[in-house]
Amino acid sequence: MKQKKILLEESEMPTQWYNVMPDIPNGMQPPLDPETKQPMGPEKLAAVFPMGLLEQEMSDKSWIDIPEEIQEVLHIWRPAPLVRANNLEAALGTKAKIYFKYEGVSPSGSHKTNSAVAQAYYNKREGVKRLSTETGAGQWGSALSFATHKFGLECKVYMVRVSFDQKPYRKSMMNTYGAEIVASPSPDTAFGRKILETMPDTAGSLGIAISEALEDAATRDDTKYALGSVLNHVILHQSIIGLEAKKQMEKAGDYPDVIVGCCGGGSNFAGIMTPFLTDKLEGKNIRFVGVEPASCPSLTKGKYAYDFGDVARMTPLLYMYTLGHDFIPPGIHAGGLRYHGMSPIVSALVRENLIEPISVHQLECFESGRLFAQTEGIIPAPETCHAIRGAIIEATRDLNDPKTILFNFSGHGMLDLSSYDKFYSGDLHNYEFPEEAIAEATKNLPQI
Ligand SMILES: Cc1ncc(COP(=O)(O)O)c(C=O)c1O
């Protein structure tokens, strides 16, 4: 039998991150200052981000060293295993080979910890005492709670209301790491209070929670803000996934024909696929499939335009696929995929036809997640179920096609079991956003 798990030694963990930005054909549009509509330099952003991260955000270097202090924390769980899903292949009756990169081994249970550790480190290095952040599914909030504690920082997490109610044990986890958590919209910020007045029963959204966390950081001298996805520096930190996977595929004597990942803000997908992009640009036949929920279809139905990253219009304008910053997606169970926009890096790669986006419904995703759990043993997070669904679509299109599929298993679902219960009891439904609602939501895009 061929090796099931392909492992790397700690000494084989990459010591540099890969920055895809210089390799994106036709480049990227810069973030704009919403007041002047001119490109925004690091000075203005320095109020909420440390310089170390802003340098990475705008870097044109292809490789950036990973500081030893960060490597040391990453060694707690990295290198992460690459696993051959041969039991899933057998259940599907496919000749395709399916590999997954298992990011669920991190302390908080997902890939998010890769960037959380780096962000906590750079903030600590510049004397910051406290970080504020948002969390959708709770994965990013847990990751940052762990990472801030590791580097001796305080942490305040604004958790999207619907996830706060659905995932009580994420709160326990964040409390264990010493963070403070509040449901968003919250009475703790002026913006949260305003939303609560007009929409007291709202499910909340990542866009609202980001506004609250940004307000928190902008109104306190000791606090900076941390974002778990979307931005270029987050994608840089996540490149470690694909760099490891590339070495592991080589060890397995294989190379992927297609790489699949789920897309919320774009960080885990970009993390696994960007280190393979230069091969494609050099002529290698490899496809990249990004899977998003039909209920929040920024890549497949959104507009490619400058938009705010949050509801209160506090962020710079980012050039990205967006459903409009006012868009509040339905309370689906993949909370980490409920974001109105998409990372500018992933957006630019979609624009260049280098990434193929697809959208899928949540019921078929939970069905795929259940099959994965029954065959490979690991219960996936609802977000990850979208990637599994995408991999299964690829593996079953032609059962006789012996292609090699690699997908990113972004996180485990051990704290998402209530979502599975809802699925089993028939309380989960599919939802496809009507075109008119999307047209309405994208009406208020800033005019550039
Ligand atoms: C397990 C998991 N996968 C995927 C995502 C989506 O985020 P991103 O697209 O930035 O990887 C999240 C976000 O919370 C998540 O928790």
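The following paragraphs describe two open sheets, the helices that lie across them, and the surroundings of the ligand in a predicted model.

The first sheet is open and consists of 7 strands in the order β1-β4-β5-β15-β10-β11-β14, with mixed pairing. Its edges are formed by β1 (residues 5-6) and β14 (356-360), each of which has a single partner strand, so that one side of each is left without a neighbour in the sheet. Towards the β14 end of this order, strand β11 (residues 287-293) pairs with β14 in the parallel sense over 5 bridges, and within this pairing E292 stands opposite S359 of β14.

Strand β15 (404-409) pairs with β5 and with β10. Parallel strands β5 and β15 are joined by 6 bridges, in which F100 has F407 of β15 as its bridge partner, whereas β10 and β15, also parallel, are joined by 3 bridges, with V258 standing opposite I405 of β15. Of the 6 residues of β15, 5 are buried, and the strand is therefore largely enclosed by the rest of the structure. Helix α12 (residues 267-281) lies across β15 as well as β5 (97-102), β10 (258-262) and β11, and runs at about 160 degrees to β10.

The second sheet, likewise open, contains 4 strands in the order β8-β7-β6-β9, and its pairing is parallel. Strands β8 and β9 are the edge strands, each pairing on one side only, and the twist from one strand to the next averages 25 degrees. Between β6 and β7 the parallel pairing extends over 6 bridges, with E134 placed opposite Y158 of β7; β6 is also joined to β9, in parallel, by 4 bridges, and here the bridge partner of T133 is A226 in β9. In a regular strand the side chains alternate between the two faces of the sheet. For the edge strand β9, both faces are covered, since T223 and Y225 on one side and K224 and A226 on the other are all buried.

Helix α10 (residues 206-218) lies across β6, β7, β8 and β9, running at about 170 degrees to β6. The 13 residues of α10 reach 18 Å from the first C-alpha to the last, close to the 18 Å expected at 1.5 Å a residue. The helix is mostly covered, with 12 of its 13 residues buried; among them are L206, I208, I210 and L214, together with the acidic residues E212, E215 and D216. The cover over the buried residues of α10 includes β6 (130-135), β7 (154-160), β8 (180-184) and β9 (223-226), and also helix α9 (190-198).

Two packed helices are described by the angle between their axes and the distance between the axes. For α9 and α10 the angle is about 145 degrees and the axes are 8 Å apart. In this contact A190, F191, G192 and I195 of α9 meet I208, S211, E212 and E215 of α10, which by class amounts to 4 nonpolar, 2 polar and 2 charged residues. The loop between β8 and α9 holds T189, for which contacts beyond the neighbours within four places in sequence are made with E212, E215 and D216. T189 counts as buried because it has 23 C-beta neighbours inside 10 Å, the threshold for burial being 20 or more. By contrast with these contacts, the C-alpha atom of T189 is separated by 38 Å from that of A80, which lies 109 residues away along the chain.

A further covered helix is α5 (residues 112-125), whose 14 residues should span 20 Å at 1.5 Å a residue, in agreement with the 20 Å between its end C-alpha atoms. In α5, 13 of the 14 residues are buried, so this helix is largely enclosed by the rest of the structure. Just after α5, G127 adopts a positive phi of about 85 degrees.

The ligand is surrounded by 20 residues, of which the closest are Q139, S229, G264, G336 and G411. The elements contributing two or more residues to this shell are α6 (139-150), α12 and α16 (382-396). By class, the shell around the ligand comprises 13 polar, 6 nonpolar and 1 charged residues. Helix α12 thus appears both in the shell around the ligand and across strands of the mixed sheet, β10 and β15 among them.

Definitions and conventions
Residues are numbered from 1 along each chain as its sequence is written. This is a predicted model: local features need pLDDT of at least 70, side-chain atom pairs count only at pLDDT 80 or more; totals for chains, interfaces and linings use all residues. The expected span of a helix is 1.5 Å times one less than its number of residues. Two strands pair if DSSP finds at least two bridges between them. Two residues are in contact if their C-beta atoms, placed from the backbone, lie within 7 Å. Axes are lines fitted to C-alpha atoms, for helices over the stretch in contact, and angles run from 0 to 180 degrees between N-to-C directions. A residue is near a molecule or strand if its C-beta atom, placed from the backbone, lies within 6 Å of it. Ala, Val, Leu, Ile, Met, Phe, Trp, Tyr, Cys and Pro count as nonpolar, Asp, Glu, Lys and Arg as charged, and the others, Gly among them, as polar.
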